Amino acid sequence: MKNKVCQKYLRDIGKNLSCSAGVKHVLLHDFAERIYCYEAEVGEASYDKLCVEFGAPEDIAKSFEGAALSDNIRSRAKKYFVTKIIAVALAVALVAVTALLIYIIKEASGTTVVSDAYESVSGITNKITYKK
Amino acid sequence: MKYENEIRENVRMGYVELLILKMLTKEDMYGYQIRQELDKRTGGAFQVKEGSLYGPLYRMSERKLIVAHKELVGEKRFRNYYSINESGREYLEFALREMETVFAGIDMLLKWEGSADEK
C-alpha cells in the first residue's frame with residue numbers, strides 16, 4: 001500500500017522540477033521505487049523523517065538539474081502520458097456505462113411502478129365510478 | 001557563514017559523479033550503499049543525502065556510463081543496482097587525468113605568494 005506521506009513527498013519533489021508530468025514520472029521512477037521500498041522496510045514514515053533520510057524535496061529536485069531530455073526519456077514520458085490518458089478514458093467510460101445501467105434499471109422499474117400506479121389509480125377511479 | 005551551504009553543496013556535487021563511478025569500479029551498488037560508501041571512503045567529507053544521488057545516477061544512466069538492474073530482495077521487493085560499463089570506465093579514466101591536471105594547477109595557484117607582476 002502506497003503511503004500518502006510518501007506520495008506527497010514525491011509530489012513535492014515533482015513540483016520543484018520544471019518539466020511535464022510524464023518526464024517527472026520518468027525522472028523520479030527509480031527514486032520512487034526506493035521510497036516505497038524504504039516504506040516497506042521501516043513501516044509508515046513521517047514527512048520529516050523522509051526529509052532527514054533522503055533530503056529536502058527542493059534539494060532532490062536540484063540534483064536532477066541538467067538532466068538531458070534524451071529520446072529515451074521522451075518516449076517513456078509519452079508512453080506514460082498515453083497510458084494515463086487511456087486509464088482516464090477507461091475510468092470515464094466505466095462511470096458512464098455504470099450510470100447508464102443504473103438509469104436503465106431505474107427506468108425499467110420506474111415504468112412498472114407507474115404502470116401499477118396507473119392501474120391502481122384507474123382501478124380506484126373505476127371503483128369510484130362504479131359507486132357513483 | 002552566509003554561503004556555507006552553497007559552497008559545500010557546489011564543491012561536493014561537482015565531484016559526486018566521478019566518485020560514484022570510481023566506487024562502481026569495485027562492485028555494483030544500490031543507492032543507500034553508494035551513500036554509505038561515499039561517506040566511509042571519503043572519511044566523512046562527502047555526507048550527501050541519499051535523495052541527491054538519484055539525479056547524478058539518472059544522468060549517468062542516460063549517458064550510458066552506468067547501467068541499472070533490479071535484484072530481488074526478500075520476497076517481493078526489488079532493489080536497483082548500478083554497475084559501470086566500458087564507456088563509464090573510459091569516461092572515468094579521462095576525467096581523473098583531467099582532474100589531476102586541474103588540481104595540480106589549482107594547488108600551484110593557491111601556493112603562489114609572489115606579486116601580481118611576477119613573470
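This is a quick walk through the interface between chain A and chain B, with a stop at one glutamate in chain B.

Okay, first things first: what you're looking at is a predicted model.

So how big is this interface? People often give the size of an interface as the accessible area that is lost when the parts come together. Here, the area buried between chain A and chain B comes to about 1800 Å², and carbon and sulfur atoms give 48% of that. In terms of residues, chain A puts 26 into the contact, and chain B puts in 19.

Now the polar side of things. Between the two chains we count four salt bridges. One to pull up on screen is A:Arg34 with B:Glu50, where the closest N and O atoms sit 2.5 Å apart. On top of that topic, there's the polar contact count: ten residue pairs across the interface of chain A and chain B, both partners at pLDDT 80 or more.

Which parts of chain A touch chain B? Helices H2 (21-27), H3 (29-42), H4 (47-54), H5 (57-63) and H6 (71-131) of chain A each supply at least two residues. H3(A) gives the largest share, with eight residues. By type, that side of chain A splits into twelve nonpolar, eight charged and six polar residues.

Last stop, over in chain B: B:Glu37, which lives in helix H2 (residues 31-41) of that chain. Buried or exposed, B:Glu37? Buried, because its relative accessibility is 14% and the cut-off for buried is under 20%. Leaving out residues up to four places away in sequence, B:Glu37 touches B:Met23, B:Met29 and B:Thr42.

Definitions and conventions
Residues are numbered from 1 along each chain as its sequence is written. Chains are lettered from A and ligands numbered from 1 in the order in which they are written. This is a predicted model: local features need pLDDT of at least 70, side-chain atom pairs count only at pLDDT 80 or more; totals for chains, interfaces and linings use all residues. Side-chain values use heavy atoms; hydrogens and water are left out. Contact means heavy atoms within 4.5 Å. Buried area is the accessible area (1.4 Å probe) that two parts lose on being put together, summed over both. A salt bridge is a side-chain nitrogen of Lys or Arg within 4 Å of a carboxyl oxygen of Asp or Glu. A polar contact is a pair of N or O atoms within 3.5 Å; within protein, one must be able to donate a hydrogen and the other to accept it, and residues adjacent in sequence count only if both atoms are side-chain atoms. Helices (H or I, at least four residues) and strands (E, at least two) are DSSP runs, numbered from the N terminus. Ala, Val, Leu, Ile, Met, Phe, Trp, Tyr, Cys and Pro count as nonpolar, Asp, Glu, Lys and Arg as charged, and the others, Gly among them, as polar. Buried means under 20% relative accessible area, exposed over 50%, partly exposed in between (1.4 Å probe, protein chains only).
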